[in-house]
Amino acid sequence: MSVVLNSTSKVNVERLNKDISLFAPVHPITPDMKMTHKGVSRLVMIDRYSFKDTEKVTLTEGDFVVLTIKEDPKFPARGLGFIVSIDWEAKKARVLVEEEFRGVLDKPEEVETGIVNRPLDVIEKPLEIFYEQIAKRNAAGLASVEETEEKRQEWFEKFYRELKELNFVPAGRVLYGAGADTDVTYFNCYVMPFVPDSREGISEHRKQVMEIMSRGGGVGTNGSTLRPRNTLAKGVNGKSSGSVSWLDDIAKLTHLVEQGGSRRGRVA
């Protein structure tokens with residue numbers, strides 16, 4: 001795991017801490033915080049796990065953001081940058097993309113300047129830019145089940161020490177959800193029971209898959225119980241479209257349901 005002090009000198013820490021004060025789960029930046037990671041690890045930490053101002057109530061010029069740099073139905077590219085200007089009426093913003101993420105830009109003017117114009121709905125403002133902030137939020141969330149303030153503080157310190165020293169790195173859903181006061185799951189993956197071979201059974205299974213995905217979980221589905229294509233469906237005097245078509249339908253849910261606000265789903 002890469003651990004470095006990255007180019008956060010561009011971030012106005014004093015202003016960011018003022019914004020952070022509006023969000024109870026988020027811990028302010030302190031001088032002892034050093035870990036930002038680098039490259040893909042940094043992008044994943046900020047994009048997937050950092051607590052964000054999702055309603056953009058604090059978003060302003062100069063802010064550090066994560067955004068969709070290249071929109072593609074199958075392979076969208078995310079990256080990091082800084083807000084140059086915001087057009088609230090048009091709901092767009094100009095963003096100076098960090099140099100390491102400019103390789104996917106294809107418009108000549110974007111390539112030349114590094115500045116892109118994107119809709120606000122693909123731009124997010126992270127409030128946690130250091131791993132220690134995430135570790136503190138996680139530690140506070142995990143310790144919150146203790147019955148007394150003394151015990152909560154004791155276990156907060158124990159959890160934080162282990163997390164900060166990277167002796168223990170939780171699963172992604174824990175990094176994202178613990179201490180965030182949200183209803184996302186703390187489990188990365190689920191293996192579902194077999195799919196009952198009926199319209200009611202498939203519909204109920206689909207409902208459960210969608211609920212799990214919406215809370216951030218990945219889903220494994222066993223479709224071996226579904227009848228093959230062209231098998232007689234006696235109740236309606238018709239034929240089944242087959243297990244592959246039903247599993248494809250469930251897989252397509254991953255394009256419709258955003259997982260816990262931060263990623264697309266996967267069906268295995």
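This report walks through a predicted model of one protein, from its overall layout down to its charged side chains.

**The big picture**

The protein has 268 residues, and 43% of them count as buried. Its C-alpha trace spans about 70 × 60 × 35 Å along the principal axes, and the chain folds into 8 helices and 11 strands. If you look at contacts between residues at least 6 apart in sequence, 62% join residues at least 24 apart.

How far can you trust the coordinates? Mean pLDDT is 87, with 90% of residues at 70 or more. The start of the chain is another matter: residues 1-6 stay under 50, although the model gives them 20 contacts beyond four places in sequence. Where pLDDT is low, predicted coordinates should not be read in detail.

**Domains 1 and 2**

The chain is divided into domain 1 (13-126), domain 2 (132-177) and domain 3 (189-264). The centres of domain 1 and domain 2, taken over C-alpha atoms, are 26 Å apart. At their interface, 16 residues of domain 1 are in contact with 13 residues of domain 2. Together the two domains bury about 1200 Å², and carbon and sulfur atoms give 63% of that area. On the domain 1 side, His27, Met35 and Tyr49 supply 53% of the area buried against domain 2, more than any other three residues.

How many salt bridges cross this interface? The count for domain 1 and domain 2 is 0.

**Helix H2 and the loops beside it**

Helix H2 covers residues 39-49, and its buried residues are Arg42, Leu43, Met45, Ile46, Asp47 and Tyr49. These buried residues pack against strands S1 (64-70), S2 (77-87) and S5 (123-124), and also against H4 and helix H6 (172-177).

Two residues in the loops around H2 have an unusual entry in the backbone angles for you to check. His37 is not a glycine, yet its phi is positive, about 65 degrees. His37 sits in the loop between helix H1 (13-20) and H2 and is buried, at 4% relative accessible area. Lys56 is the other one, with a positive phi near 60 degrees, again in a residue other than glycine. You'll find Lys56 in the loop between H2 and S1, where its 16% relative accessibility counts as buried. Glu55 is in the loop between H2 and S1 too, but at 68% relative accessibility Glu55 counts as exposed.

**A buried lysine without a partner**

Lys136 is in helix H4, residues 131-143. What is the nearest side chain of opposite charge to Lys136? That would be Asp32, 5.4 Å away, and buried Lys136 has no salt bridge. The cut-off is 4 Å between side-chain nitrogen and carboxyl oxygen. Leaving aside residues up to four places away in sequence, Lys136 touches His27, Thr30, Met33, Phe156 and Tyr160.

**Charged pairs**

Side chains of opposite charge can pair when their charged atoms come close. The model has 14 salt bridges, among them these three:

| Pair | Closest N to O distance |
|---|---|
| Lys125 and Asp63 | 2.9 Å |
| Arg152 and Glu149 | 3.3 Å |
| Arg206 and Asp249 | 2.7 Å |

Take Lys125 and Asp63, which form a salt bridge. This pair links distant parts of the chain, 62 residues apart: Lys125 is in the loop between S5 and H4, and Asp63 is in the loop between H2 and S1. Lys125 is buried at 2% relative accessible area, and Asp63 is buried at 5%. Both belong to a network of salt bridges that also includes Arg15 and Asp19.

Arg152 and Glu149 are a local pair: they are 3 residues apart in helix H5 (residues 149-164), so about one helical turn separates them. Residues three or four places apart in an α-helix point the same way, because there are 3.6 residues a turn. Arg152 is partly exposed at 27%, while Glu149 is exposed at 51%.

Finally, there is the salt bridge between Arg206 and Asp249. Arg206 lies in helix H7 (residues 199-214) and Asp249 in helix H8 (residues 243-252), so the pair ties together parts 43 residues apart in sequence. Arg206 is partly exposed at 28% relative accessible area, and Asp249 is partly exposed at 24%.

Key
Residues numbered from 1 in each chain as written. Predicted model: local features only at pLDDT ≥ 70, side-chain atom pairs only at ≥ 80, totals over all residues. Heavy atoms only, no water. Helix = DSSP H or I, 4+ residues; strand = E, 2+ residues; numbered from the N terminus. Buried < 20%, exposed > 50% of the residue type's maximum accessible area, 1.4 Å probe, protein only. Lys, Arg positive; Asp, Glu negative; His and termini not counted. Contact = heavy atoms within 4.5 Å. pLDDT = per-residue confidence, 0-100. Domains from an automatic or database assignment. Buried area = accessible area lost by both parts, 1.4 Å probe.
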